[in-house]
Amino acid sequence: MSDKAKKWILWGSIFILLLSIGGIVYSTIIPYSDTVDIFQITSIMVVIASVLNMIFLLANKFQSRKGFRKVIWIMTCFLPVVILLLFAYDFKWITINSDLLYSLLLSGILILIPVATMYLFVLDDTKTIMGISIILFYTILSLVLKRFNLGDAESLLNIGLLLISCGMYFFGLKCFFSIKKNRFLKAVSIIACLLIYFGCFIMMYSSFTYTNTILIIYSISIFLLTLIVLISLPVSGYIQWSTQHKSLLRKILIPWIFFLLLISIRFVFPDLNSLFFREVRGGFQEFRMNDYPVINKNGLEP
């Protein structure tokens with residue numbers, strides 16, 4: 001990566017980060033609506049993407065230093081320990097009486113997630129598939145726990161989705177700067193990783209038990225990209241691809257197939273969708289039966 005590209009990414013990310021933070025603050029001030037909700041969610045996704053861009057630049061700069069890699073590896077090993085502590089707390093195996101300690105536990109998870117995904121998807125190519133497989137297994141387990149209302153499954157599921165989103169965003173950046181002489185793979189990898197990134201946040205903020213505009217747009221996008229790749233892959237010279245390029249495509253396909261299956265089950269087999277997602281009941285019905293003062297007419301007291 002050239003120094004000029006690094007500067008563009010760094011200053012562009014800082015500028016977009018400040019704009020997005022301003023958008024989040026603004027969305028909390030104005031009256032709530034569905035449009036404001038979408039704007040707020042989009043701003044949060046852009047903030048996270050901007051931070052991940054700067055972390056990627058940091059990893060790219062110090063990845064050859066053994067001390068840096070060792071520190072990142074140690075922090076990565078701490079992540080499953082912290083997640084297990086959260087599991088134990090949710091299932092009442094341990095008790096955390098201090099709110100400060102619990103806040104530190106959650107903060108540690110939020111800090112360790114980008115660090116661990118940076119190690120698995122940027123610094124160590126040999127562990128990428130293993131990392132994807134473990135994260136997807138954890139996410140599926142969280143979906144099952146959520147289906148049966150075991151523990152605080154919503155938070156556990158969100159951790160898995162954050163791991164997938166951060167990991168695939170890092171992987172998309174890596175593909176963009178490492179793939180040479182294969183425009184087809186570069187374009188597919190970037191679009192696929194971005195769609196997976198957005199899909200994780202859609203799952204966090206939307207329910208797969210009812211239809212909304214965002215879910216429909218996302219589903220059409222993921223089906224269209226899948227169709228385009230299936231049609232164009234045979235004529236893209238796949239047989240002549242290098243081993244590295246084929247390996248990159250396989251790493252993208254694992255989470256891609258996972259999200260494609262979730263979307264397919266949601267629309268093609270809605271009955272199977274209930275295996276993972278309970279039906280979301282409607283909100284509280286407001287009948288506008290408010291108290292009002294009784295009018296005093298003809299001297300009659302209320």
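How much space lies in the largest cavity? In this predicted model, the largest cavity holds about 40 Å³ of space. The search for cavities of 30 Å³ or more gives a count of one. Its lining is made by Phe121, Ile132, Ile135, Leu136, Leu163, Ile164, Met168 and Pro255. Helix H5 (128–147) and helix H6 (153–178) are the elements that each supply two or more residues to this lining. The principle behind such a search is a simple one: rolling a probe the size of a water molecule over the atoms shows where empty space is left.

With the cavity in place, the overall architecture can be described. The secondary structure of the chain consists of 10 helices and zero strands, and the pattern read along the sequence is accordingly α-α-α-α-α-α-α-α-α-α. The chain has 302 residues, of which 41% are buried. Among the contacts in the chain with a separation of 6 or more, 74% are between residues 24 or more positions apart. The accessible surface of the chain amounts to about 18,200 Å², and carbon and sulfur atoms account for 69% of that area.

On the surface, a nonpolar patch of about 610 Å² deserves a look. This patch is made by Ile216, Ile220, Phe223, Leu224, Ile228, Phe267 and Val268. Helix H8 (residues 213–232) gives the most to the nonpolar patch, contributing five residues. Phe267, another member of the patch, sits in helix H9 (residues 243–267). Its relative accessible area is 34%, so Phe267 falls in the partly exposed class, which lies between the limits of 20% and 50%.

Two serines offer a view of the interior. Ser13 belongs to helix H1 (residues 3–29) and is classed as buried because its relative accessibility is 4%, where the limit for a buried residue is under 20%. With neighbours within four places in sequence left aside, Ser13 is in contact with Trp8, Ser50, Asn53 and Met54. The second serine, Ser43, is found in helix H2 (residues 34–62). Ser43 has a relative accessibility of 7% and therefore also counts as buried. Apart from residues up to four places away in sequence, Ser43 touches Ser20, Gly23 and Ile24.

Phe198 is a residue of helix H7 (residues 183–205). At 35% relative accessibility, this phenylalanine counts as partly exposed. When residues up to four places away in sequence are not counted, Phe198 touches Met45 and Tyr218. Phe198 can also be placed relative to Ser165: the two residues are 33 positions apart in sequence, while their C-alpha atoms are 7.5 Å apart in space.

What sets the backbone of Lys181 apart as worth a note? Lys181 has a positive phi of about 60°, although the residue is not a glycine. Lys181 is located in the loop between H6 and H7. Because its relative accessible area is 88%, Lys181 is exposed, the threshold for that class being over 50%. The loop that holds Lys181 thus follows H6, one of the helices that line the largest cavity, and leads to H7, where Phe198 resides.

Note on methods. Residues numbered from 1 in each chain as written. Predicted model: local features only at pLDDT ≥ 70, side-chain atom pairs only at ≥ 80, totals over all residues. Heavy atoms only, no water. Helix = DSSP H or I, 4+ residues; strand = E, 2+ residues; numbered from the N terminus. Buried < 20%, exposed > 50% of the residue type's maximum accessible area, 1.4 Å probe, protein only. Contact = heavy atoms within 4.5 Å. Areas by Shrake-Rupley, 256 points an atom, 1.4 Å probe, with all protein chains shown as cover. Patch = residues over 30% accessible without salt bridge, like charges linked within 9 Å, V, L, I, M, F, W, Y side chains within 5 Å. Salt bridge = Lys/Arg side-chain N within 4 Å of Asp/Glu carboxyl O. 1 Å grid on protein atoms, 1.4 Å probe; cavity = no way out; pocket = protein on both sides within 12 Å on 5 of 7 lines; lining within 4 Å. Points joined across faces, edges and corners; volume = space filled by probe spheres on them.
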